[in-house]
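User: I've got a model open and would like to talk it through with you. Could you take a look and answer a few questions?

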Amino acid sequence: MMRAKRTYEVSLGVPCERWGRSFTYRYGSTSGIALRLSRQSASIEAKMGVEYDADALLSLGNRLFTDAIRKACLLHLVAYSEQLQCDAIHVSIDGTEREAADAAGVARLIAGERLARLVPEGALSDGVASRLLGAKKSSADGLDASLLWAE
């Protein structure tokens, strides 16, 4: 019998009702991951059969969401020429807001810096976004991988 999928959403920054950019991509066997951006926020939504609580979803051991948060921050940087400010992190499981005890792992992923030189408007084309969303840590020689996983 197939297990029902749960809907997980992590929102970073100021809550948003209208998104400037939206992307859908795949990570491993999970398809249909939705990543949405606005000037002051980002949202990642995924449907998975695995059951997580809010803390497990935000832990550094959760590769799907760790990867998605890094990608959201990089795409936000390219789209808006500034890093996403994440004073607030919200977790929703099946539409119900859940509180995470410690979001320190997520905070370590986000630098809060501004670029010295602005990215030209429109630089985040569908092709660029697709390439960045498809980047994998195992692409050891790839520039995309170095941007996403530098620590």
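User: Which residue in E6 stands opposite Val91?

Analyst: Keep in mind that this is a predicted model. E5 and E6 pair in the antiparallel sense, over three bridges. Within E6, the residue facing Val91 is Arg98.

User: What is the order of the strands in the open sheet?

Analyst: There are six strands in this sheet, and the pairing is antiparallel. The edge strands, each pairing on one side only, are E2 and E6 (96-98). Ignoring direction, neighbouring strands are turned by 20 degrees against each other on average. Reading across the sheet, you get E2-E3-E4-E1-E5-E6.

User: How do the elements run from the N terminus on?

Analyst: The protein has five helices and six strands to place. Starting at the N terminus, they go β-β-β-β-α-α-β-β-α-α-α.

User: Which residue in the turn of the E2 and E3 hairpin has a positive phi?

Analyst: E2 and E3 run antiparallel and are joined by six bridges. One of the pairs here is Tyr27 with Thr30 of E3. Two residues sit between the strands of the hairpin, and the one with a positive phi, about 60 degrees, is Gly28.

User: Which helix gives the most to the largest nonpolar core?

Analyst: That core has 33 residues, and those with the most contacts inside it are Phe23, Leu35, Leu37, Ile44, Phe65 and Leu75. Elements supplying at least two residues each include E1 (6-13), E4 (41-48), H1 (54-58) and H4 (126-134). The top contributor, with 10 residues, is H2.

User: At about what angle to E3 does H2 run?

Analyst: H2 spans residues 63-80 and E3 spans 30-38. The helix lies across E1, E2, E3 and E4. Relative to E3, H2 runs at about 35 degrees.

User: What does Phe23 touch, leaving out residues up to four places away in sequence?

Analyst: Phe23 is among the residues with the most contacts inside the largest nonpolar core. Its position falls in E2 (21-27). With those sequence neighbours left out, Phe23 touches Ile33, Ala34, Leu35, Leu37, Leu75, Leu124, Ala129 and Leu133.

User: Is Ala4 buried or exposed?

Analyst: Ala4 is found in the segment before E1. Setting aside neighbours within four places in sequence, Ala4 is in contact with Met48 and Gly49. Its relative accessible area is 61%, and the cut-off for that class is over 50%, so Ala4 counts as exposed.

User: What separates the C-alpha atoms of Ala4 and Lys47?

Analyst: Along the chain, these two are 43 residues apart. In space, their C-alpha atoms are separated by 9.5 Å.

User: Is Cys73 buried or exposed, and how many disulfides does the structure hold?

Analyst: Cys16 makes a handy reference: with a relative accessible area of 25%, it is partly exposed. Cys73 has 3% relative accessibility, and because the limit for that class is under 20%, it counts as buried. As for disulfides, the count is zero.

User: What share of the contacts with a separation of 6 or more comes from residues 24 or more positions apart?

Analyst: For the overall picture, buried residues make up 41% of the 151 residues. The protein exposes about 9,000 Å², with carbon and sulfur atoms supplying 49% of it. Of the contacts with a separation of 6 or more, residues 24 or more positions apart account for 70%.

Terms used: Residues numbered from 1 in each chain as written. Predicted model: local features only at pLDDT ≥ 70, side-chain atom pairs only at ≥ 80, totals over all residues. Heavy atoms only, no water. Core = buried A, V, L, I, M, F, W, Y, C linked by side-chain atoms within 4.5 Å. Buried < 20%, exposed > 50% of the residue type's maximum accessible area, 1.4 Å probe, protein only. Helix = DSSP H or I, 4+ residues; strand = E, 2+ residues; numbered from the N terminus. Contact = heavy atoms within 4.5 Å. Areas by Shrake-Rupley, 256 points an atom, 1.4 Å probe, with all protein chains shown as cover. Pairing = 2+ DSSP bridges. Disulfide = S-S within 2.5 Å. Axes fitted to C-alpha atoms, helices over the stretch in contact; angles between N-to-C directions.
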